[in-house]
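Reader: I am in my first year and I get lost when I try to look at everything at once. Please pick out one kind of empty space to begin with, then take me closely through one sheet.

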Amino acid sequence: MPERIGYRVKRLLLGPPLVTARLREEKLSKPVALGVLAPDCISSSAYGTEQMLTQLVPVVGVAGFALVMPVTGVILGLLLLLTLSYRDVVTTYTRAGGSYVVARENFGPRTAQVAAVALLIDYIVTVAVQAAAGTDAVSSMLQLLFHLDIHADKLWITVGVLLLLCYGNLRGIREAGRAFSVPTYLFVLTAGLTVLVGIARLVAGNLPQLSDADLHADGTVPVGTPGSGLLMGASLFVLLRAFANGGSSLTGLEAISNGVGAFREPRGSNARRTLVIMSVILGGLVLGVSALAWHTHAVPYVSGSPTVLAQEAHLVFGRSVFGQAMFAAVQVATALVLYTGANTSFNGFPFLASFVADDSFLPRRLTRRGHRLAFSNGILVLTAVSLALLLATGGRLTELVSLYAIGVFTGFVMATAGLARHHWRRRAEHRLLKVAVNAAAAAASAAVVVVFAVTKFTEGAWVVVILFPLGVWGLIRTNERYRTEQAALDAAPATATTETRSRHVVVLLVDRLDLAALTALGHAHALRPTRLRAVHVALDTARAEELRLAWESNRAADVPLELVDCPDRRLHHAIARLVARVTADGHTRVTLLIARRSYGPLTGRLLHARSGDSLAHAVNRLPHAAATIVPFDASAAIAAYRRRNDGHPATGAAAPTPVARSRDRDGGAARPSGRS
């Protein structure tokens, strides 16, 4: 059979389909997995320190550059706790799903929906945050290197990159992994080199520092004075806000546990080693960037560019030709890793959605793999919602970060608390130590959620606070619907009667006399009913009479045509009343046949009504009645007609009869081929 146009376009864009037997081949080695799953986590070091400074500098001024170090220390301590806990997660639960699977196994499926909503929100916001930060890196390079300002175009650049990421993932995980793993290693190399050279110059005493004029340049965040923040009694609150913003440095830590199913065997061991490497790289970069910011006084800008990391690289490598080249390399690598950091969500979100849907808390179509063995529906949903979020916020990173950490750290709470419960119920070796580590990580993560919800509530966190319970409620309601449907269907065999009615009447619904109607008539005879009736619902008496006369004069129409009056033009009700009257004797069951003409081109579908399905739905709700659609390929009939007539339209005597021009009510009108 010829392929549909839609499938041919899909094959052209995505390549040949991958057969299900190749699914096992679509797995990642440790180096590729680090490149594919870790960029979200590692790349957050590019903006984590900057987000702390956006809260510190406007209140405590230059003192904020000193305070960033202790705040960074607290975040690194939390990173250590979470790394120890998530090593345990990927070792114990080698199936993809992360905190969702942990929560489901230890707290039950309903409570696990808290983790599901947290992770789904996290993935959506991650795409927007990472893509927006990547565009800020591009803007910073153009601004500092070429003095070009692309601020007005940043949103559309971000949107374009997001669509490219969607396309890459629709092609399949292996090709996406190969393409997206390179930027991770390039960023680790260039950013790591920036930190090492910067620390070396700091020790040598020749690392530059921004002047007071640079701190107060146009576009920078307002630089407060130390006294103002302290006199307002806001020092603790400011530190908490800085800590909440800095918590964005830990986003993506759960990506490996959520995507552990993408690893090659042995999954647990490979995922654990990759997680440790990722955490070490992240910790080193966050500490290094904060240390450089402490000395250089790289100040955030309101527009997001130039970024703190870009300013540090500019100062570290200097203005020589080599220095400018290194600065450009750092910015290109930063932009690429941030863009591909968004790709972590394209790996994690579809997998997680498939698990939640498999548990009947999301639509089950999210469990289906697409053309290239990817969860295409999940990828498309993630793309659509992320695009909406970017457009709503204008792609501004500061606003997006305000939506970030609640979902991330709620997922941490569910995973670590679930693992603590897991070990508490088992008498395994080092049980108490594992319980203590996971309980501490859960308590710390819960504290971050509270701090973030309180300190960032008015800056956008209220959206997540409101949507979170609504999302959990929606997932639970979806599950209840599925369970109710399943219970009703499972109970049907026990409650169904074996009553059989002795008479079978087939009612053929006729709207016009053409090949489709005659084909349906032949199908009706093949059913061998007790009685066969051809019925036309008369919405227009004059046209109905014309159809009756044409029907009587056609030798193929060997069943009398009955006209049913419908003065109120309620077609569905008229047909339902007719069927109900026939079955009212207690001995008759009815099959209603509806001819449906199918048209290939889009224009053909737009030109004809398609009411056959709705008519069938109305009849199928009646007892002892069933409606059947009899399809007819009108597009093939039209093509054959055109071949016979050399592509010329009918003229003169071959024009359609008035009957053939009657209004379509049963699923579309076909071009008549003449009377049989």
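**The largest cavity, then the sheet**

Author: Sorted by class, the residues that line the largest cavity are eight nonpolar, four polar and two charged. Keep in mind throughout that this is a predicted model. The structure has three cavities of 30 Å³ or more, and the largest of them holds about 80 Å³ of space. Its lining consists of 14 residues, and those nearest the centre are A46, Y47, A133, T307 and L338. Three elements give two or more residues each to this lining: α7 (109–146), α15 (308–317) and α16 (321–358). As for how such spaces are found, a probe the size of a water molecule is rolled over the atoms, and this shows where empty space is left.

Now the sheet. It is open and built from five strands, in the order β3-β2-β1-β4-β5, with parallel pairing. Its edge strands are β3 (561–565) and β5 (625–633), each of which pairs on one side only. From one strand to the next, the twist averages 30°.

Strand β4 deserves the close look. It covers residues 588–598 and is joined to β5 by nine bridges, the two strands running parallel. Two of the pairings can be found by residue: A595 has V630 of β5 as its bridge partner, and V590 has A625, also in β5. Turn to the other neighbour in the sheet order, β1. Seven bridges join β1 to β4, and this pair also runs parallel. Here L509 stands opposite I594 of β4.

Is β4 enclosed or open to the outside? Count a residue as buried when its relative accessible area is under 20%. Eight of the eleven residues of β4 are buried, so the strand is largely enclosed by the rest of the structure. When you follow a strand by eye, remember that in a regular strand the side chains alternate between the two faces of the sheet.

Helices come last. Helix α26 (residues 612–620) lies across β1 (503–509), β4 and β5. The direction of α26 is at about 165° to β5. Return to the bridges once more: β4 and β5 share nine of them. Helix α23 (residues 541–552) also packs on the sheet, where it touches β2 (531–538) and β3. The direction of α23 makes about 170° with that of β3.

Methods. Residues numbered from 1 in each chain as written. Predicted model: local features only at pLDDT ≥ 70, side-chain atom pairs only at ≥ 80, totals over all residues. Heavy atoms only, no water. Pairing = 2+ DSSP bridges. Helix = DSSP H or I, 4+ residues; strand = E, 2+ residues; numbered from the N terminus. Axes fitted to C-alpha atoms, helices over the stretch in contact; angles between N-to-C directions. Contact = heavy atoms within 4.5 Å. 1 Å grid on protein atoms, 1.4 Å probe; cavity = no way out; pocket = protein on both sides within 12 Å on 5 of 7 lines; lining within 4 Å. Points joined across faces, edges and corners; volume = space filled by probe spheres on them. Nonpolar A, V, L, I, M, F, W, Y, C, P; charged D, E, K, R; others polar. Buried < 20%, exposed > 50% of the residue type's maximum accessible area, 1.4 Å probe, protein only.
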